[in-house]
Amino acid sequence: MFVIDREKCTDCGECRDVCPCEAIEERDGCCEVVPDLCAECGACMDVCEFGAIEEREIPSRTV
Ligand code: SF4
Ligand code: SF4
């Protein structure tokens, strides 16, 4: 999943513009990826010049 670092995000909106799934929402002066909508294409991470978006492994759950 893709995660946006609130400390680094300047809310420039580039990632929202580039996302083909409209999976990035603005929230409290920062952006947030909506995991259910995200197709994990990575375009947002490539476009963010502030390095605020990173891909993280989803922790596996033990049942
Ligand atoms: S492109 Fe980066 S800095 Fe700009 S709004 Fe998206 S996450 Fe924030
Ligand atoms: S990885 Fe792709 S689909 Fe997911 S939020 Fe980023 S641009 Fe949108």
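This report describes the fold, the core and one ligand shell of the protein.

## Basis of the model

The model is predicted, so that local features need pLDDT of at least 70 and side-chain atom pairs count only at pLDDT 80 or more, while totals for chains, interfaces and linings use all residues. Residues are numbered from 1 along each chain as its sequence is written, and chains are lettered from A and ligands numbered from 1 in the order in which they are written.

## Fold and dimensions

From the N terminus on, the order of elements is β-α-β-β-α-β, with two helices and four strands (DSSP runs of H or I with at least four residues, and of E with at least two, numbered from the N terminus). The C-alpha trace spans about 40 × 25 × 20 Å along its principal axes. The radius of gyration is 12 Å, which agrees with the value near 11 Å for a compact globule of 63 residues (taken over C-alpha atoms, the rule being 2.2 Å times the number of residues to the power 0.38).

## Core

Of the 63 residues, 19% count as buried (20 or more other C-beta atoms within 10 Å of a residue's own, with C-beta atoms placed from the backbone). The largest nonpolar core has 12 residues, among them Phe2, Ile4, Cys31 and Val33 (a core being a set of buried Ala, Val, Leu, Ile, Met, Phe, Trp, Tyr and Cys residues joined through C-beta atoms within 7 Å). The elements that give two or more residues to this core are β1 (2–4) and β3 (30–33).

## Cys19 and ligand 2

Cys19, also a member of that core, is in contact with Ile24, Ala43 and Cys44, leaving aside neighbours within four places in sequence (contact: C-beta atoms, placed from the backbone, within 7 Å). Around ligand 2 there are 14 residues, of which Cys19, Cys38, Cys41, Ala43 and Cys44 come nearest (C-beta atom, placed from the backbone, within 6 Å).

Conventions: Contact = placed C-beta atoms within 7 Å.
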